Amino acid sequence: MIQNTHNPKIVIALDYANPQDALNFVEQLDPTLCRLKVGKELFTAAGPHLVEALIAKGFGVFLDLKFHDIPTTVAKACEAASRLGVWMLNVHASGGSAMMEAAREGVERSGQQPLLIAVTVLTSMNQQILNEVGVAGTVADQVLTLATLTQKSGLDGVVCSAQEAPILRQSLGQDFCLVTPGIRPADAALDDQSRVVTPRQALALGSSYLVIGRPITQAKNPLEALIKIHEGI
Ligand code: C5P
């Protein structure tokens, strides 16, 4: 039985270099089964018009631009992003509470109500890199510190790995949104991901939304791959 709600939990990462490839792919999908993530590469190449075109097709769009700047600039960027009508957008929690509170105010000024979430520690960062930029604690401590600050600043959730989800869920409650990449169906290639979990495991660990890219974008039949993942969860 496919869970066909209007709150689909699968967010497909549209990691394409140009708008035409992205649109050709999206033509094969169904907006009641997934949302779409537009990141820095595609947004820089294609601009806001592509985001508006995806929304016009009925898709919820997660604009993954990870804003990190002085509070006023982030507030204005978040306001502009929200005016596009996106479903979700994000900032870096390491910008601090003043920046995140400004981001929240920018979203509110737009008159729209997207989910506003934060990135804690990029999963590309390990202990050594964290120390290099002056953070003495462990990666896990830093993730929890920044996720707690995100919640106190009035944001809706964080991007995190599914492994981090149980502790964040326990500390931050049921309503905090946990968005997790690094998802692989049991029969899919790992690509360049190392610590992966299946869609079903991620939800069991406390994920709210699953970001999935190549297992769907590189599939021969993307809609079939998407439906199969739905059936698995
Ligand atoms: O193709 P794949 O499923 O690995 O794509 C995952 C998406 O999530 C990509 O857009 C990647 O940049 C993003 N992401 C990630 N790990 C993070 C944060 C974001 O894989 N920690």
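Four elements, β3 (61–67), α7 (139–152), β8 (209–212) and α10 (214–217), each contribute at least two residues to the lining of the largest pocket. The model described here is a predicted one. This briefing covers its two largest pockets and two pairs of packed helices: α4 with α5, and α7 with α8.

**The largest pocket**

- The volume of the largest pocket is about 1,000 Å³.
- Its lining consists of 40 residues, and those nearest the centre are Thr 123, Ser 124, Pro 181, Gly 182 and Gln 193.
- Strand β3 gives the most to this lining, supplying three residues.
- Sorted by class, the lining of the largest pocket holds 18 nonpolar, 13 polar and nine charged residues.

**The second largest pocket**

- The second largest pocket has a volume of about 320 Å³.
- It is lined by 18 residues, with Pro 185, Asp 187, Ala 188, Lys 228 and Ile 229 the closest to its centre.
- Helices α9 (199–205), α10 and α11 (222–232) each provide at least two residues of this lining.
- Helix α11 accounts for the largest share, with four residues.
- Ten of the lining residues of the second largest pocket are nonpolar, three are polar and five are charged.
- Helix α10 takes part in the lining of the largest pocket and also in that of the second largest pocket.

**Packing of α4 and α5**

- Two packed helices are described by the angle between their axes and the distance between the axes.
- Helix α4 (residues 71–83) packs with helix α5 (residues 97–109) at an angle of about 35°, and their axes lie 7 Å apart.
- The two helices, α4 and α5, make a right-handed crossing.
- On the α4 side, the contact involves Pro 71, Val 74, Ala 75, Lys 76, Cys 78, Glu 79, Ser 82 and Arg 83.
- On the α5 side, the partners are Ala 98, Met 99, Ala 102, Ala 103, Gly 106, Val 107 and Arg 109.
- Nine residues of the contact between α4 and α5 are nonpolar, two are polar and four are charged.

**Packing of α7 and α8**

- Helix α7, which also helps to line the largest pocket, packs with helix α8 (residues 165–172) at an angle of about 40°, with the axes 11 Å apart.
- Helices α7 and α8 are therefore oblique to each other.
- The crossing of α7 and α8 is right-handed.
- Helix α7 enters the contact through Val 143, Leu 144, Ala 147, Thr 148 and Gln 151, while α8 contributes Leu 168, Ser 171 and Leu 172.
- The contact of α7 with α8 comprises five nonpolar and three polar residues, and no charged ones.

Note on methods:
Residues numbered from 1 in each chain as written. Predicted model: local features only at pLDDT ≥ 70, side-chain atom pairs only at ≥ 80, totals over all residues. Heavy atoms only, no water. 1 Å grid on protein atoms, 1.4 Å probe; cavity = no way out; pocket = protein on both sides within 12 Å on 5 of 7 lines; lining within 4 Å. Points joined across faces, edges and corners; volume = space filled by probe spheres on them. Nonpolar A, V, L, I, M, F, W, Y, C, P; charged D, E, K, R; others polar. Axes fitted to C-alpha atoms, helices over the stretch in contact; angles between N-to-C directions. Left-handed = near helix turned anticlockwise from the far one by under 90°. Contact = heavy atoms within 4.5 Å. Parallel < 35°, antiparallel > 145°, perpendicular 65-115°, else oblique.
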